[in-house]
Amino acid sequence: MNACDGHVVDLSNGLESLPVFIQHNSDGQTFPAFQYSPDNVKGPGCTVDPSEVTLPGCSCRSLACFTVSCTCLQTHGQAYDSTGTLLNIARTDAGYCSPVFECNVLCACSDSCLNRVVQRGLRLRLEVFSTRNRGWGVRTLEPIPRGTFVCEYAGEVISFEEARRRQLAQGSKENNYIIAIREHAGTGSIAETFVDPALVGNVGRFLNHSCLPNLFMLPVRVHSVVPRLALFASRDIDAQEELTFDYSGGYSNQPPAQLLSTQRDAAIQASRTDGLQRKECHCGAKSCAQFLPLDLSILN
């Protein structure tokens, strides 16, 4: 059902601040069974509970934090402007992305602090709908300005071993929802986070891949050292437009040998897939790579 129908179905079952609408078509496509969670949850092999508060807070007593006095902003920098829009979006095209740190539950500032955006949850009217040739997708029911936080890609936070086990156990026609985030923190130091919303997840699990996406993913830390995978608008987005992101991350911060993004790479690296069938990409972009991204580092 969509927002215009008399009968509205909320995919989140009231767990989000706004309902997540579902458009049911008569094409017979089966809606997947999963447990809705707006936040990351601890999964098999995860050593740190994402809900555990592990980051320190600031002692600001004002309604909003300012760089001159806030230890959070002094340590990690200011990420948002006065409207909650992400600053320095151009850096996402520089070949890397930097994580964002928000004020958290231990901070003395108010809930209206400008450094609290992702933690406020969903603020846009989104609808899950049946696409023509890519299964389920997500579209916005309202315009979204560039730099606006849209939603998280939330799910089970699992270990590398569990991510590998799940991916190897998947059939050729099953969808792979596992996203691997690798953050480089100095020479030889790499923090890895694996999120799988297949069984437990939010509206982000229905976002399709595109080789020319209108969203980009950014690790955002709030209360925990475990990052939230936040999706922001990379450009102004019109109402009724499908929301997509690049499953490979779009920052080119992984070694090319690990991340296959073009048909030429697929042919060169075919011997490394161990018979795993690459899935075709149907995003329709002129720059389409023909195949969905495949992170071989989880399999090897």
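These legends describe close-up views of one predicted model.

**View 1. Overall fold of the predicted model.** The protein has 300 residues, and 50% of them count as buried. Three helices and 16 strands make up its secondary structure. Consider the contacts with a sequence separation of 6 or more: residues 24 or more positions apart account for 69% of them. The protein exposes about 14600 Å². Carbon and sulfur atoms supply 52% of that area.

**View 2. The largest nonpolar core.** This core has 33 residues. Leu126, Val150, Tyr153 and Leu243 have the most contacts inside it. Seen by element, β5, β6, β7 (149-152), β9 (179-184), β12 (215-221), β13 and β14 each give two or more residues to this core. The largest share comes from β13, with three residues. In soluble globular proteins, nonpolar side chains tend to be buried together.

**View 3. Surroundings of Leu126.** Neighbours within four places in sequence are left aside here. Leu126 is in contact with Pro19, Val20 and Phe21, among others. Its contacts also include Val138, Arg139 and Thr140. Val150, Cys151, Val203 and Leu243 are further contacts of Leu126. Two of these names, Val150 and Leu243, recur from the list of residues with the most contacts inside the largest core.

**View 4. A second nonpolar core.** This core is separate from the largest one and has 15 residues. Val100, Val118, Phe149 and Leu218 are among its members.

**View 5. Thr131 in the loop after β5.** Thr131 lies in the loop between β5 and β6 (136-140). Thr131 counts as buried because its relative accessibility is 13%, under the 20% cut-off. Its side chain reaches two backbone atoms. One is the backbone nitrogen of Arg134, at 2.9 Å. The other is the backbone oxygen of Gly135, at 2.6 Å. Beyond its neighbours within four places in sequence, Thr131 is in contact with Trp136, Gly137, Asn208 and Glu242.

**View 6. Gln23 and its polar partner.** Gln23 sits in the loop between β1 (21-22) and β2 (35-36). Gln23 has 17% relative accessibility, so this loop residue counts as buried under the 20% cut-off. The side chain of Gln23 makes a polar contact with the side chain of Arg139, at 3.1 Å. Arg139 is also one of the residues in contact with Leu126.

**View 7. A nonpolar patch on the surface.** Val53, Val105 and Leu106 form this patch. Together they have about 260 Å² of accessible area. Val105 lies in the loop between β4 (100-101) and β5 (126-130). Val105 counts as exposed because its relative accessible area is 52%, over the 50% cut-off.

**View 8. Positive phi at Gln240 and Gln290.** Gln240 has a phi near 75 degrees, a positive value in a residue other than glycine. Gln240 is found in the loop between β13 (228-233) and β14 (242-245). For Gln290, phi is near 80 degrees, again a positive value in a residue other than glycine. Gln290 lies in the loop between α3 (263-268) and β16 (294-295). Gln290 is partly exposed, with a relative accessible area of 39%.

Notes. Residues are numbered from 1 along each chain as its sequence is written. This is a predicted model: local features need pLDDT of at least 70, side-chain atom pairs count only at pLDDT 80 or more; totals for chains, interfaces and linings use all residues. Side-chain values use heavy atoms; hydrogens and water are left out. Patches are made of residues with over 30% relative accessible area and no salt bridge: like charges are joined within 9 Å, nonpolar side chains (Val, Leu, Ile, Met, Phe, Trp, Tyr) within 5 Å. Accessible areas come from the Shrake-Rupley method with a 1.4 Å probe; for residues, only the protein chains shown count as cover. A salt bridge is a side-chain nitrogen of Lys or Arg within 4 Å of a carboxyl oxygen of Asp or Glu. Helices (H or I, at least four residues) and strands (E, at least two) are DSSP runs, numbered from the N terminus. Buried means under 20% relative accessible area, exposed over 50%, partly exposed in between (1.4 Å probe, protein chains only). A polar contact is a pair of N or O atoms within 3.5 Å; within protein, one must be able to donate a hydrogen and the other to accept it, and residues adjacent in sequence count only if both atoms are side-chain atoms. Contact means heavy atoms within 4.5 Å. A nonpolar core is a set of buried Ala, Val, Leu, Ile, Met, Phe, Trp, Tyr and Cys residues joined through side-chain atoms within 4.5 Å.
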